[in-house]
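Grab a pencil and open the viewer. These exercises take you through one protein model step by step, each with a worked solution.

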Amino acid sequence: MIYILRKYINNSEEKVYNRADGKLVIEYSLELRALHHRSLIRNRDMTTEDRQNKLETLLGAYTNYFDIQRDATAGDVTFAALAQYHSRSGKYILVKSAKIWSIEMNEYVYFALVDHLDADTLATLYKAARDAGLALIKPHSEHMRSYVSLAIIADSIDADAQKALCRIRFRKSFRLALHGWMEFRIAAIDLSAGQFFSNPAGKDVRVTLERNLQPK
């Protein structure tokens, strides 16, 4: 009597005894591995589809006021989407050429989809969104403020990434604030735990995530 010991689903062990030549055992083990592989692909596709559905729901909340760009490249990172909002207000005397005052406000929101968010991935996404957003801001005398925001939809977020995300702070003034300022805001949802996180400046982004993606 012979037996073949093989590792398969979830690292458990299978011992199969066969009085013959073992061929049937080998074929059976290969079938198990194939089934496991197909199961992994199916689960991965389901989580990818879930993230994409969540993204579409979230973008729906921005569509009325923001211009949406899909697959936005920022350095070496390609974000799922970028939403841009621009507002300009002013006061005039009779005609616009007789301007008393005018202010400009902007917001740039990057959207990222990840399976697992760890501290290194967070650092990469943060730097890419911050630097790309800064490059979009054109400070001038009528510029009041611009927000650069990052919304992350993740299947899971580890503890180190949660802490690092909540500690992110970045604010920049242009010409001693005479040409306005910018602030970085970030928020994320952990789909597996149904939890939301943000840095202090990102409370409004987190609220938008909660209102649109909160599990029913």
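## Warm-up: a buried arginine

Arg 130 is buried, since its relative accessible area is 18% (buried means under 20% relative accessible area, exposed over 50%, partly exposed in between, with a 1.4 Å probe and protein chains only). Before going on, note that this is a predicted model, where local features need pLDDT of at least 70, side-chain atom pairs count only at pLDDT 80 or more, and totals for chains, interfaces and linings use all residues. Residues are numbered from 1 along each chain as its sequence is written, and side-chain values use heavy atoms, with hydrogens and water left out.

## Exercise 1: the partners of Arg 130

**Task.** Find which residue forms a salt bridge with Arg 130, and over which ring the charged end of Arg 130 sits.

**Solution.**

Step 1. Recall that side chains of opposite charge can pair when their charged atoms come close. A salt bridge is a side-chain nitrogen of Lys or Arg within 4 Å of a carboxyl oxygen of Asp or Glu.

Step 2. The partner is Asp 131, with the closest N and O atoms 3.0 Å apart. Asp 131 counts as partly exposed because its relative accessibility is 31%.

Step 3. Now look for a ring. The charged end of Arg 130 sits over the ring of Phe 170, 5.2 Å from its centre (the rule asks for NZ of Lys or CZ of Arg within 6 Å of the ring centre and within 35 degrees of the ring normal).

## Exercise 2: salt bridges across the chain

**Task.** How many salt bridges are there, and which residues join into one network?

**Solution.**

Step 1. The count comes to nine salt bridges.

Step 2. One of them joins the side chains of Glu 107 and Arg 185, at 2.5 Å from N to O. Glu 107 belongs to strand 5 (residues 95–117) and Arg 185 to strand 8, so this pair ties together parts that are 78 residues apart in sequence. (Helices, H or I with at least four residues, and strands, E with at least two, are DSSP runs numbered from the N terminus.) Glu 107 and Arg 185 are both buried.

Step 3. Arg 171 and Glu 183 also meet through their side chains, with 3.7 Å from N to O. That pair links distant parts of the chain, with Arg 171 in strand 7 and Glu 183 in strand 8, 12 residues apart.

Step 4. For the network, follow shared partners: salt bridges join Glu 107, Arg 185 and Asp 204 into one.

Step 5. Arg 185 has a ring to find as well. Its charged end sits over the ring of Tyr 147, 4.1 Å from the ring's centre.

## Exercise 3: rings that meet

**Task.** Decide whether the rings of Tyr 62 and Phe 66 are stacked or edge-to-face, then do likewise for Tyr 126 and Phe 184.

**Solution.**

Step 1. Start with the rule: rings of Phe, Tyr and Trp (its six-membered ring) pair if their centres lie within 6.5 Å; planes under 30 degrees apart count as stacked, over 60 as edge-to-face and the rest as tilted. The structure holds six aromatic pairs.

Step 2. Tyr 62 and Phe 66 are 5.0 Å apart from centre to centre, with 75 degrees between the planes, and the pair is edge-to-face. Tyr 62 is buried at 7% relative accessibility, and Phe 66 is buried at 13%.

Step 3. For Tyr 126 and Phe 184, the centres are 4.9 Å apart and the planes lie at 70 degrees, so this pair is edge-to-face. Tyr 126 is in helix 2 (residues 119–136) and Phe 184 in strand 8 (residues 181–190), so the pair ties together parts 58 residues apart in sequence. Tyr 126 is buried at 15% relative accessible area, and Phe 184 is buried at 0%.

Step 4. Finish with the cluster formed by Tyr 62, Phe 66, Tyr 85 and Phe 111.

## Exercise 4: positive phi

**Task.** Is Asp 71 buried or exposed, and where does Leu 176 lie?

**Solution.**

Step 1. Asp 71 is found in strand 3 (residues 67–74) and counts as exposed, at 54% relative accessibility. Although Asp 71 is not a glycine, it has a positive phi of about 50 degrees.

Step 2. Leu 176 lies in the loop between strand 7 (171–173) and strand 8. Its phi is positive, about 55 degrees, although Leu 176 is not a glycine. At 81% relative accessibility, Leu 176 counts as exposed.
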